[in-house]
Amino acid sequence: MGFMDKVKGVAGEVGDTFKKGVKSVSDGSQKFTDKMKLKKQVTDLESEIKQIYSTIGKIYIENNKDNVPENISALAESLKAKNAELAQVKEELDALNDKPVCPTCGAVLQKEQRFCDKCGTKVVHEAEHVEADVVAETQSDEQSE
């Protein structure tokens, strides 16, 4: 066996080892990809299930406001308190954003809106109050002259 035959044998062994390594890495990355896809599917399904439970609970509470079972009455009261707190915080945020609010239902309005989209109440903006006061004063001054 000559030198070249030995080199060919070693090169063949190195090539086989390299192929095994590449196949191992390829199999590992495929397994990792498959695991990540399944984990995402689990997360998505869990999220959908939570949403369904939430919807069921919301419908149940809305339909049984006056007859909430004892085992969930504390949770229902806590939910009512959290909703009230959320509404208050949203009002404070809207006030900081200088957004007008409907005086009847509390819905956030656009600055140019004349009527509330939610309840239909006619909206009078501060600028209109000032303008009305100026017009009234002008008319009063003209009449007294």
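## Contacts along the chain

Start with how far apart in sequence the touching residues are. In this predicted model, take the contacts in the protein between residues at least 6 apart in sequence: 2% of them join residues at least 24 apart.

## Overall make-up

The protein has three helices and zero strands, so to speak an α-α-α run from the N terminus on. Helix α1 covers residues 3-63, while α2 spans 70-96 and α3 spans 126-144.

What share of the 145 residues is buried? Buried residues come to 8%. As for the outside, the accessible surface is about 12900 Å², and carbon and sulfur atoms account for 57% of that.

## The core around C116

The largest nonpolar core has five residues: C102, A107, L109, C116 and V123. One of them, C116, is worth a look for its contacts. Setting aside residues up to four places away in sequence, C116 touches C102, A107, L109 and V123 from that core, and also C105 and T121.

T121 sits in the loop between α2 and α3. Which side chain does the side chain of T121 meet in a polar contact? That partner is T104, at 2.9 Å. Beyond its neighbours within four places in sequence, T121 is in contact with T104 and C116, and with C102, P103, R114 and F115 too.

## Salt bridges on the helices

The salt bridge count for the model is three. Side chains of opposite charge can pair when their charged atoms come close.

In α1, the side chains of K40 and D44 form a salt bridge at 2.9 Å, N to O. Why can these two meet? K40 and D44 are four residues apart in the helix, so about one helical turn separates them. K40 is exposed, at 53% relative accessibility, whereas D44 is partly exposed, at 34%.

Helix α2 holds the E77 and K80 pair, whose side chains meet at 3.8 Å, N to O. Being three residues apart, E77 and K80 are also separated by about one helical turn. Here E77 is partly exposed, with 48% relative accessibility, and K80 is exposed, with 54%.

K82 and E85 make a salt bridge as well, at 3.8 Å, N to O. They lie three residues apart in α2, so the separation is about one helical turn. K82 counts as exposed, with a relative accessible area of 52%, and E85 as partly exposed, at 46%.

Notes: Residues are numbered from 1 along each chain as its sequence is written. This is a predicted model: local features need pLDDT of at least 70, side-chain atom pairs count only at pLDDT 80 or more; totals for chains, interfaces and linings use all residues. Side-chain values use heavy atoms; hydrogens and water are left out. Buried means under 20% relative accessible area, exposed over 50%, partly exposed in between (1.4 Å probe, protein chains only). Contact means heavy atoms within 4.5 Å. Accessible areas come from the Shrake-Rupley method with a 1.4 Å probe; for residues, only the protein chains shown count as cover. A nonpolar core is a set of buried Ala, Val, Leu, Ile, Met, Phe, Trp, Tyr and Cys residues joined through side-chain atoms within 4.5 Å. A polar contact is a pair of N or O atoms within 3.5 Å; within protein, one must be able to donate a hydrogen and the other to accept it, and residues adjacent in sequence count only if both atoms are side-chain atoms. A salt bridge is a side-chain nitrogen of Lys or Arg within 4 Å of a carboxyl oxygen of Asp or Glu.
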